[in-house]
Amino acid sequence: MKKAVFPGSFDPITLGHVDIINRAIPLFDEIVIAIGVNADKRYMFTLEERIEFIKKTYAHEPKISIQSYSGLTVDYCKSIDSSFILRGLRNPADFEFEKAIAITNRKLSGIETVFLLTSAETSFISSSIVRDILKNKGDASILIPKGIL
Ligand code: ADP
């Protein structure tokens, strides 16, 4: 059984994340969307809110589950018996950053990172842009899944 972990902050989930997840569904038997909890990071939405947004988006998709974790992503993957990490790539900066992490993770654990290239329609979307719009009372509805807020 092919189980992948899609780790991230999802603060909040965007249509960029949704694009990657939807395109990964045919590739895996199960995808665990895993919200990494980092005590040093300040989030706009609470962990419960971020989980709720993802649940609303994927309520009817049996291959998707939502969890949170702390510590190393590879340790979390091993604890749930997952051999793959799923990540999205938007630009060269993402690539350089992700490359070092993926190589390190493979050396540490043998876990492979599977990258999907962003779609042209969603390549410009990031959670930080969504947060900026929301902080300034703008309308972010074209960047996030319908009805999450
Ligand atoms: P992190 O803090 O781990 O980067 P994010 O929630 O920002 O958490 O992102 C999680 C994953 O989703 C990352 O692999 C990121 O590259 C990917 N991602 C985010 N936005 C997009 C997008 N618009 N297109 C493709 N991948 C994306």
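**From the ligand to the sheet and its helices**

A backbone N or O atom of Thr 122 lies 2.8 Å from a nitrogen atom of the ligand, and this contact is a convenient place to enter the structure, which is a predicted model. Taken alone, the ligand exposes 560 Å², of which the protein buries 87%. There are 16 residues around the ligand, and those that come nearest are Ser 9, Gly 88, Thr 118, Thr 122 and Ile 125. Two arginines also reach the ligand through their side chains: a polar side-chain atom of Arg 87 is found 3.1 Å from one of the ligand's oxygen atoms, while an N or O atom in the side chain of Arg 90 is 3.3 Å from a nitrogen atom of the ligand.

From the ligand we can turn to the strands. An open sheet is formed by 5 strands, which follow the order S3-S2-S1-S4-S5 and pair in the parallel sense. Strand S3 (64-69) and strand S5 (112-117) stand at the edges, and because each has a single partner strand, one side of each is left without a neighbour in the sheet. From one strand to the next, the twist averages 30°. To see one pairing in detail, look at strand S1 (residues 3-8) and strand S2 (residues 30-36), which are joined in parallel over 6 bridges; here Val 5 stands opposite Val 32 in S2.

Helices pack on this sheet. Helix H1 (residues 15-24) touches S1, S2, S3, strand S4 (84-89) and S5, and its direction makes about 115° with that of S5. Helix H4 (residues 92-109), which also packs on the sheet, touches S4 and S5, and the direction of H4 makes about 170° with that of S4.

A smaller set of contacts can be followed from Thr 73, a residue of helix H3 (residues 73-79). The side chains of Thr 73 and Tyr 69 are joined by a polar contact of 2.8 Å, and, leaving aside residues up to four places away in sequence, Thr 73 touches Pro 7 and Ile 85.

Finally, consider the charged residues. Side chains of opposite charge can pair when their charged atoms come close. The structure holds 5 salt bridges, and one of them is formed by Arg 131 with Asp 11, whose closest N and O atoms are 3.8 Å apart. This pair links distant parts of the chain, since Arg 131 is in helix H5 (residues 127-135) and Asp 11 is in the loop between S1 and H1, 120 residues apart.

Definitions and conventions. Residues numbered from 1 in each chain as written. Predicted model: local features only at pLDDT ≥ 70, side-chain atom pairs only at ≥ 80, totals over all residues. Heavy atoms only, no water. Pairing = 2+ DSSP bridges. Helix = DSSP H or I, 4+ residues; strand = E, 2+ residues; numbered from the N terminus. Axes fitted to C-alpha atoms, helices over the stretch in contact; angles between N-to-C directions. Contact = heavy atoms within 4.5 Å. Near = heavy atom within 4 Å. Polar contact = N/O pair within 3.5 Å; in protein donor to acceptor, adjacent residues only side chain to side chain. Areas by Shrake-Rupley, 256 points an atom, 1.4 Å probe, with all protein chains shown as cover. Salt bridge = Lys/Arg side-chain N within 4 Å of Asp/Glu carboxyl O.
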